[in-house]
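Q: Hi! I'm new to this one and would love a friendly tour. Could you pull it up for me?

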Amino acid sequence: MTQANTMIEHLGAEYFADPYSVHARLRAQHPATQVIMPGGTPAWLITGYAQARAALTDPRLVKVPGDWRPDPDSMSAALDLHMLNSDPPDHERLRKLVNKAFTARRVEQLRPRITAITDELLDDMSTRGEVDLLTAFAFPLPVTVICELLGVPVADRDQFRAWSATIVSETVSPEVFQAHATAMIGYFRDLLAARRREPADDLLSALISVRDEGDGLTGKKLIGNQLSENELLSMAWLLLVAGHETTVNLIAGGVLALLLHPGELARLRADPALLGGAVEELLRYVSPVNDATFRFTREAVDLAGVHIGPGQVVLVSLSGANRDPSRYAGPEGLDIGRDSTGHLAFGHGIHYCVGAPLARLEAEIAFGALLERFGSITLAVPADALRWRPSSLIHGLESLPVRLRP
Ligand code: HEM
């Protein structure tokens, strides 16, 4: 077992704008290196593809360190008791409750509605020559879809855009975090109370009936408590945040990648049959979830060629893995015709993204319709003036000003 690096690298704000070159440099040293994340957390960062894939299915890496269980009245209980923070058997119990709502078949039924929302946004954009593509398109599209699916009022979207940005930020102050998290929990408590009084044909109502009566999703009555109130609350906000933070950045980051690779953009315009493969390549290339969420070593482990003590944070870099030259030839290049299968943009193992079919469908409709509607899309600012959000989890633009012509 070799000890990877003696130097512990401090990752700074430059990591937010360009995590890719940081990963390339670290990977060249070793596929697993010790870092201090920009938010101050010490972690082992895995940037090699094979090692990342193995780590994501390694049962010695867990989401809940020790026997952590938050006080039921705490803010943490209301926020953290969701599937992405759980290990088996809780993970399986929680995931099963929503799995069916996101299968490829169920999601395909949303195609007409997603197309209609897309067309409406494009109509609005076509009346303006210059827009922030993020605010006008990449954000409202997935947010409207997930809100309708869950039964969250779309009109409130700007409120929870701010809350969720705070929750994934690494530079926000503890006071702002506390204020936004409290507001978000209050919002969801009120919303759940309203749906309890007046159930609707949406996922939140179905989850409430699981909580209150048994398995409302399949209609079967089950004995025993399947879902606690805090788990219901945590699930609601996880689905809302995971359901849009990510797809927003695939759409905006994907459009930017195409604008910076005009040859690939022209190729896609000339042959729309490439669209499905292009979405996969953009997932690989952009990797909207930059590093997967925290995992902890349950015990001392030998992993990726290093020895890691118990209770340490392991961060699997999905964008690092997706640009590992030992897996993808010329990984820093965008090639919409390449075979990108096996990319880790949706994770791997038991926490593999439950929303992947929905995200793929939204992206396919969004890119297809945008390119069809506008024969010319150009950046309205120099590329180096674009700003990135202060998060290691999400690689996302603050805004994307573009000029559009039919
Ligand atoms: C381009 C869009 C998306 C990307 C790149 C993405 C990426 C990911 C990744 C990487 C994970 C695993 C994280 C980890 O293991 O630490 C994940 C999990 C998850 N995603 Fe997505 N996601 C996207 C869209 C969505 C959508 C539309 C939903 C809709 C509800 C969603 C819901 C979830 C949930 C609930 C989990 C937790 C699954 C579990 O713990 O079993 N995601 N996603």
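A: Sure! Let's begin at Arg60, which is partly exposed, with a relative accessible area of 23%. Keep in mind as we go that this is a predicted model.

Q: Where is Arg60 found?

A: Arg60 is in the loop that runs between helix H3 (49–56) and strand E4 (61–62).

Q: And how far apart in space are Arg60 and Glu299?

A: Their C-alpha atoms are 6.8 Å apart, while in sequence Arg60 and Glu299 are 239 residues apart.

Q: Okay, new topic: the ligand. Which protein atom is the donor to its iron atom?

A: That is the SG atom of Cys353, at 2.3 Å from the iron, and Cys353 is the single donor from the protein.

Q: Where is the place of Cys353?

A: Cys353 is in a loop, with helix H16 (318–322) on one end and helix H17 (356–373) on the other.

Q: Which residues come nearest to the ligand?

A: There are 29 residues around the ligand, and the nearest are His91, Thr293, Arg295, His351 and Cys353.

Q: What is the mix of nonpolar, polar and charged residues in that shell?

A: The shell has 19 nonpolar residues, eight polar ones and two charged ones.

Q: Which helices supply at least two residues of the shell?

A: Helix H5 (90–99), helix H13 (229–260) and H17 each do. H13 gives the largest share, with seven residues.

Q: What about N or O atoms in side chains, say of Arg95 and His351?

A: Each has one by a ligand oxygen. For Arg95, a side-chain N or O atom is 2.8 Å from an oxygen atom of the ligand. For His351, the distance from a side-chain N or O atom to an oxygen atom of the ligand is 2.7 Å.

Q: And which residue has a backbone N or O atom by a nitrogen atom of the ligand?

A: Ala242 does: its backbone N or O atom lies 3.4 Å from a nitrogen of the ligand.

Q: Let's switch to helix H7. How many residues does it have, and what is its reach?

A: H7 covers residues 111–126, so to speak 16 residues, and reaches 22 Å from its first C-alpha to its last. That is close to the 22 Å expected at 1.5 Å a residue.

Q: Which residues of H7 are buried?

A: Ile114, Ile117, Thr118, Leu121, Leu122 and Met125 are the buried ones in H7. They lie on the same side of H7 because they cover an arc of only 135° around its axis.

Q: What about the other side of H7?

A: There, Pro112 and Glu120 are exposed.

Q: Now the backbone. Which peptide bond is cis?

A: The one from Pro88 to Pro89 is cis, and its omega is near 5°. Pro89 is in the loop between helix H4 (75–80) and H5.

Q: What about phi at Ser287?

A: Ser287 is not a glycine, yet its phi is positive, about 45°. You'll find Ser287 in the loop between helix H15 (275–286) and strand E6 (295–297).

Q: Is Ser287 buried or exposed?

A: Ser287 counts as buried because its relative accessible area is 0%.

Q: And what is phi at Ala304?

A: Ala304 has a positive phi too, of about 50°, although it is not a glycine. The loop that holds Ala304 runs between strand E7 (301–303) and strand E8 (306–308). At 21% relative accessibility, Ala304 is partly exposed.

Technical notes:
Residues numbered from 1 in each chain as written. Predicted model: local features only at pLDDT ≥ 70, side-chain atom pairs only at ≥ 80, totals over all residues. Heavy atoms only, no water. Donors = N, O, S within 2.8 Å, 3.2 Å for Na, K, Ca; no water. Helix = DSSP H or I, 4+ residues; strand = E, 2+ residues; numbered from the N terminus. Near = heavy atom within 4 Å. Polar contact = N/O pair within 3.5 Å; in protein donor to acceptor, adjacent residues only side chain to side chain. Nonpolar A, V, L, I, M, F, W, Y, C, P; charged D, E, K, R; others polar. Expected span 1.5 Å × (residues − 1). Buried < 20%, exposed > 50% of the residue type's maximum accessible area, 1.4 Å probe, protein only. Arc of directions from axis to C-beta.
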